[in-house]
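Could you walk me through this structure in my viewer? I would like to know what to select at each stop and what to look for there.

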Amino acid sequence: MRGRTARRLVGSAMTGVTYGAAALAILPLAAILGMLILKGAGSVDWNFFTKSAVPVGEPGGGFAHAIVGTLIIVGLACAVGVPIGVATGIFLAEFGGGRFGFTIRFVADVLNGVPSIVIGIFAWTWLVKPMGHFSALAGGCALAVILVPILARTTEEMVRLVPNSLREAALALGYPRWRTSLQVVARTAGAGIVTGCLVAVARVAGETAPLLFTALGNEFFSTRLLGPMAALPLQVYVYAVGPYDEWHRQAWAGALVLIVLVLALSLVARAVVRAKRQHA
Amino acid sequence: MTKTFAALLAVATGAVLLAGSAAAQGSIRLTGAGATFPYPIYSKWMLEYHTQHPNVEINYQSIGSGGGIRQFTDHTVDFGASDGPMTDVQIQAVNGNVLHIPTVLGADVPTYNIPGVTQQLRFTGDVLAGIFLGQITKWNDSRITGINPGIPLPDQDIVVVHRSDGSGTTYIWTDYLTKVSPDWAQRVGKGTSVNWPVGLGGQGNPGVASTVKQTPGAIGYVELIYAVQNHIDYGLVRNKAGNYIQASLESATRAAAGAVATLDPNTDFRISITDPDGAQAYPIASFTWLLIPKEMSDATKARTLLEFVWWATHDGQQYNEGLSYARLPEPVVRLEEQRLKSVTVNGKPVLPANYGRGQRGR
């Protein structure tokens with residue numbers, strides 16, 4: 001009897017500890033979000049989404065140029081990075097058994113660990129300097145370089161989860177190897193790959209360092225891909241270190257919008273997975 | 001899956017195409033980058049200038065003085081900006097094709113946190129150098145109490161706070177200490193970041209200000225504009241003439257006027273105005289510069305840039321006080337006019353010789 005009570009006690013104590021650990025893990029996110037809402041929510045109004053920067057001391061300025069800039073630059077990063085990343089992932093999972101696959105995997109892991117400022121400098125050296133000017137395009141490419149290895153590795157994991165029996169069934173029906181990979185395997189892993197994309201996009205959307213020396217930032221509303229463009233993280237950074245209260249408030253609001261954007265992407269990712277599961 | 005994927009791609013490509021076609025036509029766009037300190041006033045000028053000249057978009061981004069010089073040298077920007085002048089070696093790297101144009105003035109102030117002391121302290125160059133060298137370690141040191149009679153300074157250790165990042169603010173501070181203290185000049189010297197003998201580092205003006213605020217006995221230096229905008233108290237500093245001066249926009253302008261009085265008319269403006277002459281001049285002030293090429297290739301861009309810089313150093317100066325920047329003294333503006341008129345495209349001057357006549361005082 002005593003042994004059982006002791007076991008039960010230890011059991012509930014351990015459960016308590018895990019709950020505590022989970023709460024601790026969530027605490028920073030909750031604290032950040034709470035702080036941002038406290039400091040930033042007051043400055044998020046209609047103007048914030050529809051107006052661009054105004055001179056210091058004038059009311060009614062907004063972050064429209066930065067929000068649109070971030071959407072365009074991240075869109076560019078996806079257009080460049082998603083096909084390469086997903087294709088690499090499928091290759092690694094389906095055909096990447098040999099030495100070449102090992103090398104690619106190794107390079108992707110190394111690239112994953114490279115500090116993002118280094119990737120910014122890389123993009124500056126190969127795109128900004130030869131072109132002779134800063135551009136949103138260079139910013140998008142820098143973000144794509146960060147996006148590709150993340151996406152390649154998550155796609156690989158997702159494709160690996162597809163049971164072999166499916167591949168065998170497709171091959172047995174006379175499908176060639178490439179069609180099996182693309183239409184059967186990749187399709188089955190679809191929800192996972194889309195989640196991977198969204199998580200990777202959420203990860204790069206908040207990057208500041210690679211944009212500093214590529215997209216540069218812009219005071220004006222600009223959608224020209226070959227010119228400097230504003231982005232949320234850049235604008236938040238510049239305003240946060242500035243001397244004016246008004247800027248600090250806008251920086252808090254910008255940070256709030258950015259984190260809500262990233263949170264929304266993560267939630268969409270979860271929803272996609274759930275919908276696919278119920279479908280299957 | 002393929003459908004979702006295709007949709008994602010379509011959205012991305014759509015955004016790109018839309019973006020490309022929506023670009024406004026007929027605008028003149030210039031890009032500049034550099035110093036962080038003048039960013040607010042530059043941003044104000046450029047947005048104001050755009051409302052007055054809707055076809056001109058001048059975009060300035062604060063990436064730091066070092067970055068500004070680098071990008072200017074690599075021709076990735078149309079103009080640069082820096083809180084510290086380019087060195088002779090850096091000027092050689094652009095084959096001498098650069099003009100330094102002072103735009104506004106900044107100043108550094110000593111800020112401190114001594115429990116129980118609310119009075120405004122007085123400092124001299126010697127005392128500041130002694131503190132930042134780690135030679136004066138207590139607030140009740142006779143060298144401090146001697147110049148602050150009647151203020152009950154406690155037996156508290158001094159904690160020095162300096163910038164951890166490279167900064168024009170540090171350049172001005174160490175430039176001043178180098179001038180007033182041979183010991184500092186020999187042991188530390190001047191620069192945007194130096195080997196500090198003692199102290200804690202803080203990131204940016206906000207980092208230094210908050211570290212000082214949280215540390216009893218701390219002393220640090222921040223930009224005047226930052227101290228004014230954030231209601232931070234700061235001390236008086238004794239100038240060359242022997243007066244204790246409160247840093248202000250006016251006393252910073254006086255510092256420039258004091259230094260400029262002895263200026264060669266053909267100066268390249270790469271001058272330090274710390275520890276200047278002048279009874280009411282604040283001793284820790286500095287110009288900040290725009291870097292523009294002497295000889296440009298694109299006539300439209302050249303004309304636009306020069307007209308903007310002309311406007312900024314004349315009409316634009318009226319916005320300075322509102323943002324806590326000190327105005328350029330008149331004699332400096334007169335010299336700058338000559339320098340701006342010397343800029344050429346294919347060897348021909350861009351601005352007519354009579355440019356600006358009749359516009360003054362508009």
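Before the tour starts, one definition helps: the domain bounds used here come from an automatic or database domain assignment. Keep in mind, too, that this is a predicted model.

**Stop 1: the two domains of chain A**

Select residues 2–43 of chain A, which make up domain 1, and then residues 46–279, which make up domain 2. The C-alpha centres of these two domains of chain A are 31 Å apart. Where they meet, seven residues of domain 1 are in contact with eight residues of domain 2 of chain A. On the domain 1 side, four of the touching residues are nonpolar, two are polar and one is charged.

**Stop 2: chain B as a whole**

Now show chain B alone. Its C-alpha atoms fill a box of roughly 70 × 65 × 40 Å along the principal axes. You can find 13 helices and 14 strands in chain B. Of its 362 residues, 48% are buried. Among contacts in chain B with a separation of 6 or more, 71% join residues 24 or more positions apart.

**Stop 3: the eight-stranded sheet**

Stay in chain B and pick out the open sheet of eight strands, ordered β2-β1-β3-β11-β4-β8-β6-β7, with mixed pairing. Why is one side of β2 and of β7 in chain B left without a neighbour in the sheet? Both strands stand at the edges and each has a single partner strand, so there is nothing in the sheet on the other side. On average, neighbouring strands of this sheet are turned by 25° against each other, direction ignored. Zoom in on β6(B) and β7(B): they run parallel and are joined by three bridges. As an example of a bridge, B:Arg163 has B:Gly202 in β7(B) as its partner.

**Stop 4: the helix across the sheet**

Next, select α9(B), which lies across β4, β6, β7 and β8 of chain B and runs at about 155° to β8(B). Which residues of α9(B) are buried? They are B:Gly204, B:Asn205, B:Val208, B:Ala209, B:Thr211 and B:Val212. Their cover includes the strands β4 (99–113), β6 (159–163), β7 (200–202) and β8 (218–223), along with the helices α7 (168–180) and α10, of chain B.

**Stop 5: the smaller set of strands**

Move along chain B to an open sheet of three strands, in the order β12-β13-β14, also with mixed pairing. Here β12 (295–296) and β14 (348–349) of chain B are the edge strands with a single partner each, so one side of each has no neighbour in the sheet. β13 (residues 344–345) of chain B pairs with β14(B) in the antiparallel sense over two bridges. In one of these pairings, B:Thr344 is matched with B:Pro349 in β14(B).

**Stop 6: where the chains meet**

Show both chains again. Their contact takes 40 residues from chain B and 39 residues from chain A. α1(B) gives the most to the chain B side, with nine residues. That side has 19 nonpolar, 16 polar and five charged residues.

**Stop 7: the nonpolar core**

In soluble globular proteins, nonpolar side chains tend to be buried together. The largest nonpolar core here has 173 residues, and those touching the most other members include A:Ile73, A:Leu147, B:Leu105 and B:Val309. Helix α6 (residues 136–160) of chain A gives the most to this core, with 16 residues. Finish at B:Val309: leaving out residues up to four places away in sequence, B:Val309 touches B:Ile101, B:Leu290, B:Ile292 and B:Leu340.

Definitions and conventions:
Residues numbered from 1 in each chain as written. Chains lettered and ligands numbered in written order. Predicted model: local features only at pLDDT ≥ 70, side-chain atom pairs only at ≥ 80, totals over all residues. Pairing = 2+ DSSP bridges. Helix = DSSP H or I, 4+ residues; strand = E, 2+ residues; numbered from the N terminus. Contact = placed C-beta atoms within 7 Å. Nonpolar A, V, L, I, M, F, W, Y, C, P; charged D, E, K, R; others polar. Core = buried A, V, L, I, M, F, W, Y, C linked by C-beta atoms within 7 Å. Buried ≥ 20, exposed ≤ 12 C-beta atoms within 10 Å, placed from the backbone. Axes fitted to C-alpha atoms, helices over the stretch in contact; angles between N-to-C directions.
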